[in-house]
Each structure stands twice: as structure tokens, then as C-alpha cells.
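Here is a short set of exercises to work through with the model open beside you. Try each task on your own before you read its solution.

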Amino acid sequence: MRAASAFDRRRVSAPSLFVAAFWSMSQAIDEAPAREAAALIRAIAERRDRAAFAALFVQYAPRLKAYMRRLGAADDAAEEIVQETMLMVWRKAALFDPARAAASTWIFTILRNLRIDMLRRSRPLPPELAAAGEAAEAADADDLIDAAQRTARLRAALASLPAEQAEVVRLSFFDERPHAEIERALGIPLGTVKSRLRLAMARLRRVLEGEE
Amino acid sequence: MIRHHPSEATLMSHAAGTLLPLHAQVLALHLAQCPACRQAIRLGEELGGALLDAELPAAVADDALARVTARLDALSSEPPRAAARAAPPGLDAWTRGRRWRPIGLGIKLMPLVPRDATGTRLDLIRVSPGVALPQHDHTGPEIACVLSGAFTDATGEYRAGDIAEGDIGLDHQPRALTGEDCVCLIATTGFLRARSLLVRLLQPVFGV
């Protein structure tokens with residue numbers, strides 16, 4: 001946690017720089033990588049295909065590590081959680097449903113849940129309460145466009161968000177402080193993060209619904 | 001019929017896995033009953049996937065693939081089954097083996113998890129019909145989910161399944177509506193500051 005807060009301070013001191021580095025890449029709507037990753041996970045599920053696993057590792061391990069580093073993890077801790085995540089991908093491959101989630105979304109939730117489990121082990125809840133804290137897994141799959149398309153659209157939409165909205169999306173993911181504390185640190189009025197995020201999410205929803 | 005939902009900010013932090021754990025605990029009660037918010041969580045997870053895809057790859061250790069591949073052999077071939085979403089525990093499950101502590105006239109508290117490293121605690125609070133909490137404000141964020149009964153404050157009326165979020169600076173006086181006791185699961189970060197000097201003097205006694 002201490003490492004994370006040091007990381008936060010550094011980031012907060014130059015937020016615009018990070019936003020620029022992170023979001024300026026203009027991303028074409030390209031569904032191909034998502035479909036390839038989904039095929040690799042299928043191959044693992046059906047044939048325990050190690051070549052497919054290696055290809056998936058090459059594609060995702062460096063991104064998983066980058067994601068963890070952005071969250072403030074030290075290098076060895078990031079390596080460790082990448083190992084655990086990829087191992088879980090292997091074990092759970094049969095549960096992957098490409099109609100329900102893009103490969104990257106599925107892998108992201110595995111990483112997220114492992115991280116939460118690790119935090120929980122250091123701060124355990126009473127056992128009867130632990131069951132209620134499971135992150136919700138939505139199963140509504142009645143979407144008009146499929147998961148790979150949605151992710152590709154989302155990436156493009158994220159890249160086109162105004163910088164201040166993109167920044168609050170990023171803060172939700174990479175800053176564990178309560179929003180009010182973030183606002184205090186950034187010197188912006190209380191409630192600004194919430195209202196900017198509301199705008200960002202409304203826009204992303206419109207894009208997904210094909211209205212933009 | 002749920003009328004009060006968590007903010008987008010809270011939902012996104014939950015999807016991202018960055019919400020304070022005890023706040024997530026309270027939110028889970030609402031999500032179990034609210035398809036719209038589950039859908040929002042799903043969008044947040046897709047955003048997580050998109051952010052992961054957008055990362056510039058970081059160099060991993062040279063032997064990282066070899067190490068994880070070696071561990072594949074040790075795994076059982078049995079794939080883990082999808083965990084069924086646990087139903088949120090009923091009031092009985094929360095209260096079993098614990099007792100209500102009166103902290104004021106018509107107000108009882110059942111501490112579930114003491115203040116953790118993030119300064120957050122989890123409690124059940126039970127307020128008799130018509131009773132108001134002392135006017136107070138907050139030094140940190142708070143999230144509550146109504147389990148039974150109902151309460152009202154300047155921001156609206158809250159019933160079973162509703163989420164009430166209090167941010168730093170929220171100054172309010174919740175009052176239980178008539179009918180049954182109002183029971184809420186509540187995660188509080190930081191401290192409540194009572195307006196009345198008398199209550200402030202008594203606060204150390206109550207421990208809230």
C-alpha cells in the first residue's frame with residue numbers, strides 16, 4: 001500500500017502527462033486481436049493446447065504486468081500476479097464464453113479477482129461475510145453486438161473521450177483512494193470526479209448502443 | 001422497487017476492483033437485487049479489458065513463460081467450476097452470535113468488522129420507527145444499503161435494497177420512517193461529526 005501511495009503522488013503531480021501518454025494513441029476499431037485471443041483460449045479449453053497458451057502469454061503477460069505496475073505494484077509482485085493470472089486462465093479456460101465477454105475482459109476479471117483475494121488475505125473478513133463480497137458477474141447476454149465488437153468499440157470510444165473525462169475513468173481503475181480524496185489531491189471541487197465520470201459513462205454507453 | 005442506486009463512480013471502482021473492500025461488501029447487497037447496476041458493472045469490466053488491451057507491453061522476466069508452463073503439469077486436469085453467485089446473507093446470517101448495542105434512544109449498533117487499515121468499519125445499524133440520528137457530517141465516504149424498514153433525509157427516501165452514499169462534507173439527519181425498525185448495513189470510512197456539542201461529548205462513549 002505504501003508503494004501505491006508514493007506512485008499516486010508522482011502521478012498526481014503530472015496527471016496530464018500520463019493521460020497524454022495513455023490515451024493519445026489513436027486506436028482503429030480492430031476486432032482481430034480479440035478474436036484471436038478468444039480462439040487461443042478455446043484451444044486451451046478443448047485440447048490443453050500449450051502452443052496456444054504460449055501465444056496467449058506472449059500477448060497478455062506483458063500487458064497484465066504493465067497494468068499491475070500502473071496500479072503501483074513492485075516489479076516482483078507484478079510478475080507474481082501475472083504468473084497466477086495466466087495459470088488461472090489455463091485452469092478456467094473451459095468457463096470462457098466468447099459470447100458473453102471478450103478475451104481481454106475475461107482476463108481482466110481474473111486479474112482483478114486475484115488481486116482482491118490477495119488483499120483480502122492480508123485483511124480477512126469474518127467468513128460468514130466473505131461470501132457476500134464476490135464481485136458481481138453479469139450474465140445478461142442479449143446484446144445486439146458481440147463481445148469482441150463491443151470491446152473494439154469501447155477502445156475507440158475511450159480514445160475519443162475528452163481528456164478530463166478519460167482521466168477520471170483512469171482514476172477509477174488505477175487510484176484506490178476514495179474519490180473525494182482524489183479531488184482534494186487534485187485541487188478540484190468536490191463532486192467533479194463523479195460528474196465527469198457520469199458524462200464519460202453516458203458517452204460510452206451511447207457508443208456501444210451505436211448512437212454515435 | 002429500488003429507487004436509489006450507487007453512483008457511477010462507485011460502480012466503476014467496484015468493477016475495477018479498487019473500491020474499499022468493506023464498501024464493496026455493502027454494494028454487493030444492492031447488486032444482488034439490481035440488474036441495471038449489474039449491467040453497469042459489466043460495462044466497467046469491459047472497460048477494464050479495453051484498458052488492459054491498451055497497455056503498452058512491459059518486459060516480463062525471461063523465464064516467466066517457462067516458469068508458468070512448468071506449473072501447468074502440477075495442476076489437476078479437473079477445471080474449476082464456475083462459482084455460483086452466493087445469495088446475499090439474510091439479516092440472520094449477519095447477526096448470528098452477535099448482539100445489538102444500544103447507542104442512543106431507539107438506536108442500536110452491531111459492529112461487524114472493526115476499523116481496518118483504510119479507516120473503514122462495517123456495522124449494522126437499527127433505528128426504531130420515527131427516531132432520528134443526531135445531525136452529523138462526514139470526514140470520509142460512507143455507503144449504506146437498507147435491509148429492512150425505511151429512512152429519509154434531505155436527499156430522499158430510502159427503502160430495502162436502496163443505496164445511500166454519504167461523501168465527505170455530507171451533513172444530514174436521517175430519520176427512520178414509521179412502521180418497522182430500519183436496519184442498514186453501513187461501511188464508514190473516517191468519522192462522523194455530530195453537530196450537537198452534547199452528542200459530540202458522548203461520541204467517545206458510543207465509539208462511532
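A residue counts as buried if 20 or more other C-beta atoms lie within 10 Å of its own, as exposed if 12 or fewer do, and as partly exposed in between. Keep in mind that this is a predicted model.

**Exercise 1. Decide whether A28(B) is buried, partly exposed or exposed.**

Solution. Start by placing the residue: A28(B) belongs to helix 2 of chain B, which covers residues 21–31. Next, count its neighbours: 22 C-beta atoms fall inside 10 Å of A28(B), so this residue is buried. As an extra check on its surroundings, take the C-alpha distance to H14(B), which comes to 9.4 Å for a pair 14 residues apart along the chain. For the wider setting, 39% of the 208 residues of chain B count as buried.

**Exercise 2. Find which residues have the most contacts inside the largest nonpolar core.**

Solution. The core contains 100 residues, and those with the most contacts inside it are L56(A), V26(B), C145(B) and C184(B). Now ask which element gives the largest share: helix 4 of chain A does, with 10 residues. Then zoom in on C145(B): leaving out residues up to four places away in sequence, C145(B) touches V26(B), L29(B), H30(B), I163(B), C184(B) and L185(B).

**Exercise 3. Work out the strand order of the six-stranded open sheet in chain B, and find its edges.**

Solution. First, some background: chain B has six helices and 12 strands. Six of the strands line up as 1-2-3-11-5-8 in an open sheet with antiparallel pairing. Strand 1 and strand 8 (163–166) each have a single partner strand, so one side of each lacks a neighbour in the sheet and they form its edges. On average, neighbouring strands here are turned by 30° against each other, direction ignored.

Step along to the pairings. Strand 1 (residues 101–104) and strand 2 (residues 107–113) of chain B run antiparallel and are joined by three bridges. Within this pair, R101(B) has L109(B) as its bridge partner. Two residues lie between the strands of this hairpin, where G106(B) adopts a positive phi near 75°. Further in, eight bridges link strand 3 (residues 120–127) to strand 11 (residues 182–189) of chain B, again in the antiparallel sense. There, L122(B) is bridged to A187(B).

**Exercise 4. Repeat the analysis for the three-stranded open sheet of chain B.**

Solution. The order is 7-6-10, with antiparallel pairing. Strand 7 (156–158) and strand 10 (175–176) are the edges, because each has a single partner strand and so one side without a neighbour in the sheet. Strand 6 (residues 151–153) pairs with strand 7 over three bridges. In this pairing, F151(B) sits opposite Y158(B).

**Exercise 5. Describe the side of chain A that touches chain B.**

Solution. Begin with the count: 65 residues of chain A are in contact with 64 residues of chain B. Then look for the elements involved: several helices of chain A each supply at least two residues to this side, among them helix 4 (50–70), helix 6 (103–122) and helix 11 (192–208). Finally, sort the residues by class, which gives 36 nonpolar, eight polar and 21 charged.

**Exercise 6. Find what share of the contacts in chain B with a separation of 6 or more comes from residues 24 or more positions apart.**

Solution. Take the contacts in chain B with a separation of 6 or more, then keep the pairs that are 24 or more positions apart: these make up 72%.

Terms used. Residues are numbered from 1 along each chain as its sequence is written. Chains are lettered from A and ligands numbered from 1 in the order in which they are written. This is a predicted model: local features need pLDDT of at least 70, side-chain atom pairs count only at pLDDT 80 or more; totals for chains, interfaces and linings use all residues. Two residues are in contact if their C-beta atoms, placed from the backbone, lie within 7 Å. Helices (H or I, at least four residues) and strands (E, at least two) are DSSP runs, numbered from the N terminus. Ala, Val, Leu, Ile, Met, Phe, Trp, Tyr, Cys and Pro count as nonpolar, Asp, Glu, Lys and Arg as charged, and the others, Gly among them, as polar. Two strands pair if DSSP finds at least two bridges between them. A nonpolar core is a set of buried Ala, Val, Leu, Ile, Met, Phe, Trp, Tyr and Cys residues joined through C-beta atoms within 7 Å. Axes are lines fitted to C-alpha atoms, for helices over the stretch in contact, and angles run from 0 to 180 degrees between N-to-C directions.
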